[in-house]
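Me: Please help me to read this structure. I should like to know why each descriptive term is applied.

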Amino acid sequence: MKILGIDTTTQSLCIGIYDSGRIYEYNLQLERRHSVLAVTTIQRVLEALCWKAQEVDYFACGIGPGSFTGVRIGTAAVKGLAWSLHKPVIGVSSLDILAANAPSDGIIMPAVDARRSLIYCSIYRKDASGLKRIAPYMLLPVEDFIKKAKQGSVIFGDALPLYREKILNHVKGAIFLDKDYWQLAGRNIIAPALQKIKEGRLNTAFDVAPLYLYPKECQIKK
Amino acid sequence: MKILSGSVKQTLEIGKKIARNLTKGDIICLFGELGSGKTVLAKGIAVGLGIRKEDVISPTFVLIRRHDSKAKIPLYHFDLYRLKGCSDVAVLGYEEFVYGDGISLIEWADRLKELMPQQCLKIKLAVRGKNSRLIDISCHGRRYDKLMEAVRENIRH
């Protein structure tokens, strides 16, 4: 079984590859050039693997929340591939991909800067059985983030430089992971994708949808 | 801070003075009815940043224009008049610009509603006579307290 996964919702272009048990990744720091490089990079990665696009069984896609334009570039690229090749799509939350960076067990809280003084976040429990999300995907001001955070949470992401002090002062025993853990890794698209395949939670090119998490008043028509 | 401008020329001058202390990442939201002088003030600010006045025209139809300032900082000039609400704004991907590497000037900023930046310089313009306009500048966020102080100094001299 072959899976090709892509996430463009942050400044990194992340590609994750699954080939019958083996996982590969390709991560590129791009800032804002996703629209120029996403498709050509997918093509290069496929060539390096000696794969033809039609050999891919599933296309996985980071659907956000994250940079608005980034979310749209990734989902559009995957929709195009999956639609033309008649393949299923697996939408994976970019917060799930980030949460998988956590190196140790405990309560995990990825925190991504959503600008406008808001944070994209969720809460996960990591133990011997794996990583399990125990809260919805949220868009919160720092005050609410602090209320949701549990004692001793492991917190990381690019929201940290902005709110480090406030979180430290209000969340007892909070553990911060340094910058090395803030970037999405292409390989981490694969585990949640496999999980969804196992559960049969597949999408098509038509119904895979971005996860924007805008305020209620600003819901975007699909 | 409230200033009464007696002419288009004077509004342009005020714009130039505001521009003097602008840096990367600054956001200026402009409010006011049609004809209240938002675009004139925007032109003044652009000129102050070293952009040719003729190049700055209202982006009502294109929603956003990018200009390169003398200091190589891009100026993003928005006009949100045609947008109905913040869901329209969200679809623009405007946050990539506004929270990016440039200076943002947003006409009809009231259209942003919930997406209005919490930290910004707000400038309200109102018609006070055939040629006179009341310009009301307020600051929101610590960064803009400083900018406001600098603008106050510039205008006094």
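Reply: A crossing of two helices is left-handed if the near helix is turned anticlockwise from the far one by less than a right angle, and right-handed if it is turned clockwise. The model is a predicted one, in which local features need pLDDT of at least 70 and side-chain atom pairs count only at pLDDT 80 or more, while totals for chains, interfaces and linings use all residues. Residues are numbered from 1 along each chain as its sequence is written, and chains are lettered from A and ligands numbered from 1 in the order in which they are written.

Me: What is the handedness of the crossing of α1(B) and α2(B)?

Reply: The crossing of α1(B) and α2(B) is right-handed, so by the definition the near helix is turned clockwise from the far one. The labels refer to DSSP runs numbered from the N terminus: helices are H or I runs of at least four residues, and strands are E runs of at least two. In chain B, α1 spans residues 8-19 and α2 spans residues 38-48.

Me: Why are α1(B) and α2(B) called oblique to each other?

Reply: Axes are lines fitted to C-alpha atoms, for helices over the stretch in contact, and angles run from 0 to 180 degrees between N-to-C directions. Angles under 35 degrees count as roughly parallel, over 145 as roughly antiparallel, 65 to 115 as roughly perpendicular and the rest as oblique. These two helices of chain B pack at about 45 degrees, with their axes 7 Å apart. That angle falls in none of the named ranges, and α1(B) and α2(B) are therefore oblique.

Me: Which residues of α1(B) and α2(B) meet?

Reply: Two residues are in contact if their C-beta atoms, placed from the backbone, lie within 7 Å. Among the residues of α1(B) in this contact are V8(B), L12(B) and I18(B), and those of α2(B) include V40(B), L41(B) and V47(B). By class, the contact has 10 nonpolar, four polar and three charged residues. Ala, Val, Leu, Ile, Met, Phe, Trp, Tyr, Cys and Pro count as nonpolar, Asp, Glu, Lys and Arg as charged, and the others, Gly among them, as polar.

Me: What makes α1(B) oblique to α5(B)?

Reply: Helix α5(B), residues 142-156, packs against α1(B) at about 135 degrees, with the axes 8 Å apart. This value also lies outside the named ranges, which makes α1(B) oblique to α5(B). Their crossing is right-handed. I14(B), K17(B) and I18(B) meet V151(B), N154(B) and I155(B) there. The classes are four nonpolar, one polar and one charged.

Me: Why are α1(A) and α2(A) called roughly parallel?

Reply: Helix α1(A), residues 34-49, packs with α2(A) at about 30 degrees, the axes being 10 Å apart. An angle of about 30 degrees is under the limit, and the two helices are therefore roughly parallel. Their crossing, too, is right-handed. In the contact, residues including A38(A) and I42(A) meet residues including I73(A) and A77(A). It holds five nonpolar, four polar and no charged residues.

Me: What makes β1 and β3 of chain B edge strands?

Reply: Two strands pair if DSSP finds at least two bridges between them. Chain B has an open sheet of seven strands in the order β1-β7-β6-β2-β5-β4-β3, with mixed pairing. β1 (2-5) and β3 (64-68) each have a single partner strand, so one side of each is left without a neighbour in the sheet. Neighbouring strands are turned by 20 degrees against each other on average, direction ignored.

Me: How do you know that β4(B) and β5(B) pair?

Reply: Five bridges join β4(B), residues 74-79, to β5(B), residues 103-107, in the parallel sense, so the requirement of at least two is met. F78(B) has I106(B) as its bridge partner in β5(B).

Me: Which strands of chain A stand at the edges of its five-stranded sheet?

Reply: The order in this open sheet is β3-β2-β1-β4-β5, with mixed pairing. β3 (22-29) and β5 (89-92) are the edge strands, each pairing on one side only. β4(A), residues 58-62, runs parallel to β5(A) and is joined to it by four bridges. Within that pair, A60(A) stands opposite I90(A).

Me: How is chain A divided into domains?

Reply: Domain 1 comprises 2-94 + 184-218, and domain 2 comprises 102-181; such bounds come from an automatic or database domain assignment. Their centres, taken over C-alpha atoms, are 24 Å apart. Five residues from each of the two domains take part in the contact.
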